[in-house]
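Q: I would like to learn how to read a structural model feature by feature, starting with a charged side chain and its surroundings. Could you take me through that with the case in front of us?

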Amino acid sequence: MSRACDPRDAAGAAAPAARAADPVAVVVMGVSGCGKTSVGQALAARLGARFVDADDFHPPASVEKMRAGLPLDDADRAPWLARLNAVMRHAVAKGEPVVLACSALRQRYREALAERLPGLRVVHLSGSYELIASRIAARTHRYMPASLLASQFEALEPPGDAVVVDVSGGVDGIVEAALRGLLG
């Protein structure tokens, strides 16, 4: 990474806040198990941004549906996406940079998240089915069963306008690659 786009100070410490030209709102997207929360938290820290996990905003009925192994449909997602958009718009209106970890698998979901948020940037965490499945098998999620991974890959519409980052490495490397794409 060139020093010009490295958000570290001269001592090598992470910069405490985003620069004026840095993204104000970023969505870290991808299938379940790709690392959205870990990467999103680390990216938010590096950008001096608020971190928001979309999982925390699912209504109880959607959580129960997923626990039962049933994928959400567009009717389930619409109010959730509208609420996430409102959370990001509120943060941006207060001058607070925000990083949202959200599956955002389809283009129309990303469009809903971006509504009235000019300049929203997307980081797509991308990995093979086999890699993601192995990660899901090694973790426990509060409601997302491994059985839904196939439906997530089927629903995925890779964005054409995102910073795409391979998730086969560690969180630090993934965050560095995301920062190069966002700030470079």
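A: In this predicted model, the backbone oxygen of Val-31 lies 3.0 Å from a polar atom of the Lys-36 side chain, and the backbone oxygen of Gly-30 lies 3.1 Å from a polar atom of that side chain. Lys-36 itself is found in helix H1.

Q: Is Lys-36 buried or exposed, and which side chain of opposite charge is nearest to Lys-36?

A: Lys-36 is buried, yet Lys-36 has no salt bridge. The nearest side chain of opposite charge is that of Asp-55, 6.5 Å away, whereas a salt bridge is counted only for a nitrogen and a carboxyl oxygen within 4 Å.

Q: Which residues is Lys-36 in contact with, apart from its neighbours within four places in sequence?

A: Lys-36 is in contact with Val-28, Met-29, Gly-30 and Val-31, with Ala-101, Cys-102 and Ser-103, and with Leu-125. Of these, Ser-103 lies in the loop between strand E3 and helix H4 (107-114), and at 16% relative accessibility Ser-103 counts as buried, since the cut-off for that class is under 20%. Beyond its own neighbours within four places in sequence, Ser-103 is in contact with Met-29, Gly-30, Lys-36 and Trp-80.

Q: How should I read the nonpolar interior, and which residues have the most contacts inside the largest core?

A: As a general idea, nonpolar side chains in soluble globular proteins tend to be buried together. Here the largest nonpolar core has 26 residues, and those with the most contacts inside it are Val-26, Val-28, Leu-43, Leu-47, Val-99, Val-123 and Leu-125. The elements that give two or more residues to this core are strands E1 (25-29), E4 (121-126) and E5 (163-166), together with helices H1 (36-47), H5 (129-137), H6 (149-155) and H7 (171-183). Helix H7 gives the most, with six residues. A second, separate core of 22 residues includes Met-29, Ala-91, Leu-100 and Tyr-109.

Q: Which residues does Val-28 touch, if I do not count those up to four places away in sequence?

A: Val-28 touches Lys-36, Val-39, Gly-40 and Leu-43, then Val-99, Leu-100, Ala-101 and Cys-102, and also Val-123 and Leu-125.

Q: How do I read the strands around that residue, and in which sense do E1 and E3 pair?

A: Strands E1 and E3 pair in the parallel sense over four bridges, and Val-28 stands opposite Ala-101 in E3. Strand E2 (residues 50-53) also runs parallel to E3 and is joined to it by four bridges, with Phe-51 standing opposite Val-99 in E3. Along E3 (residues 98-101), Val-98 and Leu-100 point one way and Val-99 and Ala-101 the other way, and all are buried.

Q: How many salt bridges does the count come to, and which residue forms one with Arg-46?

A: The count comes to seven salt bridges. Arg-46 forms one with Glu-176, and the closest N and O atoms are 2.5 Å apart. Because Arg-46 lies in helix H1 and Glu-176 in helix H7, the pair ties together parts that are 130 residues apart in sequence. Arg-46 is buried, with a relative accessible area of 9%.

Q: What does Asp-76 form with Lys-65?

A: Asp-76 forms a salt bridge with Lys-65, the closest N and O atoms being 2.7 Å apart. Asp-76 lies in helix H3 (residues 74-93) and Lys-65 in helix H2 (residues 60-67), so this pair ties together parts that are 11 residues apart in sequence. Lys-65, Asp-73 and Asp-76 are linked in a network of salt bridges, and Lys-65 is partly exposed, with a relative accessible area of 23%. The side chains of Lys-94 and Glu-96 also meet in a salt bridge, at 3.9 Å from N to O; Lys-94 is exposed, with a relative accessible area of 55%, while Glu-96 counts as partly exposed at 25%.

Q: How do I read a contact between distant parts of the chain, and what separates the C-alpha atoms of Leu-149 and Ser-32?

A: One sets the separation along the chain beside the separation in space: the C-alpha atoms of Leu-149 and Ser-32 are separated by 6.6 Å, although the two residues are 117 residues apart along the chain. Leu-149 has its place in helix H6 and is buried, with a relative accessible area of 2%. Leaving aside neighbours within four places in sequence, Leu-149 is in contact with Val-31, Ser-32, Tyr-129, Ile-132, Ala-133 and Ile-136.

Methods:
Residues are numbered from 1 along each chain as its sequence is written. This is a predicted model: local features need pLDDT of at least 70, side-chain atom pairs count only at pLDDT 80 or more; totals for chains, interfaces and linings use all residues. Side-chain values use heavy atoms; hydrogens and water are left out. A nonpolar core is a set of buried Ala, Val, Leu, Ile, Met, Phe, Trp, Tyr and Cys residues joined through side-chain atoms within 4.5 Å. Buried means under 20% relative accessible area, exposed over 50%, partly exposed in between (1.4 Å probe, protein chains only). Contact means heavy atoms within 4.5 Å. Two strands pair if DSSP finds at least two bridges between them. Lys and Arg count as positive and Asp and Glu as negative; His and the chain ends are not counted. A polar contact is a pair of N or O atoms within 3.5 Å; within protein, one must be able to donate a hydrogen and the other to accept it, and residues adjacent in sequence count only if both atoms are side-chain atoms.
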